[in-house]
Amino acid sequence: MEQLAHAAYGLYLVLILAGAWAAVRCRNLVRALLGLIMTLFGVAGMYFLMAAPFMALMQILIYVGAVSVLIFFAIMLTRTPGGEAGEEGGGARPAVRTVLALLSGLLPAAILAAVILTKAPQSLPLKPELPLGRLGQFLTGPYVLAFELISVVLLAAMAGAVVLGFERRKSA
Amino acid sequence: MTAQLLELLSHPLGQMITALAAIMVFMAVNGMALQYAERKVAGFIQRRPGPYEVGPHGLLQPFADAGKLISKQLVAPLGADRLLFWIAPLVSVAPVVVCFLPIPFSPLLTGMNINLGLLLILAFSGLNTLALCLAGWGSNNKYSLLGAARAVAQSVAYEIPLLLSVLAVAFQVGSLDLAAIAASQTQGLLSWNVLVQPLAFIIFFISGIAETNRAPFDLPEAESELTAGFHTEYSGMCFGIFFLAEYSYMVVVCAVATALFLGGWDGPVFPGPWWFLAKTFALIFAMMWFRWTFPRVRFDQLLNICWKWLIPLGLANLVATAAIVKWVQ
């Protein structure tokens, strides 16, 4: 079973990294979105490995099922399909952009790797899956302030969208 | 040899692979059977015989169609994004296979016992929207793109009442495990959730029809307006795969409705998977009946039904359920 877990870890790692590479490097926005979705799937797989299937399924339901569809809608509303209009041109030259992308990717990776390599944690035994009820109690108990603050942020975003929509209608 | 095989099959991974293979066979057979059934139902509703020439009562028609679809050439339109164009049918059909895993056909006949089965189905069925988007975008065709735009607006809207109605049942039973929810309804007809939660059942079924893009909510592929919507450019088996995915999603929606609201495998005599299948296919028959009875809604009507009726009713139902559950405790 442990070899299986290692293999799954490797697979998810490849999914995450390849997806991230595609998301950054693809000139076509929809293909970049596909890369992002791949990464999100890989992260969901990692949650599965950590015995948190609820988080994993929520990741798929919300990020893959809703957020990426929303991003797709945004791409669709702002660009025409095919041709160069669907592609993103940057300000900097390609070589400069590659260097910048590598820098922004490698720097956090190097810092994290340094921490992990110098203070390597023992591999922990897998904790038992937390029942859903306990998760809910945590959210409405000790973490209630953070939970409510996040919902306020969402509310603000929604109200902002409505206000923008009304202003657009007035000027039209 | 047999012992080794049994051991391999009893391993969780072996079990899952067996279940996935069985599901794929079921999907293929189901796709052929349902397309025959749909044409026959359509025929009888419109007072014509339906397929009648190939085999007795046209029974061999699905095989002829399958052969035709498989042998046709696959064509990608000029200027299409090849990668997205070919990947879209696969994204459409692959998640359905996973959706079948947690469905409890009977306490024994379940692909995989997971305590979050309902959530798994909801999560993976959401991927279908993405597939329609990719198909619409990748085709380089204005009808396809319009179909994809409609698919997004429709499925994002109808996912909310669907989740609200499912949540009401989950609140009531206190579990997201489909087998546990079905098992909670085995004390006779009165314990079926369709009688306990009739409003939730109606909301679920309407949203389910909209989520599977079936008429009267088939706007993403409205043939009189958009040629064939998102799959205008698909030929041969690529169209066949979209078709297979649609019919499999129908079975998933109806099977979930059976497990959530119609008592699952329970029946008056001999409870077992046959009751589950009978209820599922009765619901599918109702879906086909709807398709040939109601005219297609307009897009503003579609969104009005959702935002002005289903979502407020679903919210009220959910709040009432939560209050009653709390009160009973």
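Visitor: Among contacts in chain A between residues at least 6 apart in sequence, what share joins residues at least 24 apart?

Guide: Keep in mind that this is a predicted model. Set aside pairs in chain A that are under 6 apart in sequence, and look at the contacts left over. Of those, the share joining residues at least 24 apart comes to 49%.

Visitor: Which pattern does chain A follow along the sequence?

Guide: Chain A has zero strands, so there's no β to place, given how helices and strands are assigned here. What it does have is six helices. Read from start to end, that gives α-α-α-α-α-α.

Visitor: How much of chain A is buried?

Guide: To count as buried, a residue needs 20 or more other C-beta atoms within 10 Å of its own. Chain A has 172 residues, and the buried ones make up 17%.

Visitor: Where chain B touches chain A, which kind of residue does chain B bring: nonpolar, polar or charged, and how many of each?

Guide: The contact takes 18 residues from chain A and 22 residues from chain B. On chain B's side, the elements giving two or more residues are α4 (82–100), α5 (117–125), α6 (127–138) and α7 (142–173). Sorted by type, that side of chain B has one charged residue, four polar and 17 nonpolar.

Visitor: Is B:Arg298 buried or exposed?

Guide: B:Arg298 sits in the loop between α13 (273–293) and α14 (299–328) of chain B. Its C-alpha atom is 8.8 Å from that of B:Phe217, 81 residues away along the chain. The cut-off for exposed is 12 or fewer neighbours. Because B:Arg298 has 11 C-beta neighbours inside 10 Å, it counts as exposed.

Note on methods
Residues numbered from 1 in each chain as written. Chains lettered and ligands numbered in written order. Predicted model: local features only at pLDDT ≥ 70, side-chain atom pairs only at ≥ 80, totals over all residues. Contact = placed C-beta atoms within 7 Å. Helix = DSSP H or I, 4+ residues; strand = E, 2+ residues; numbered from the N terminus. Nonpolar A, V, L, I, M, F, W, Y, C, P; charged D, E, K, R; others polar.
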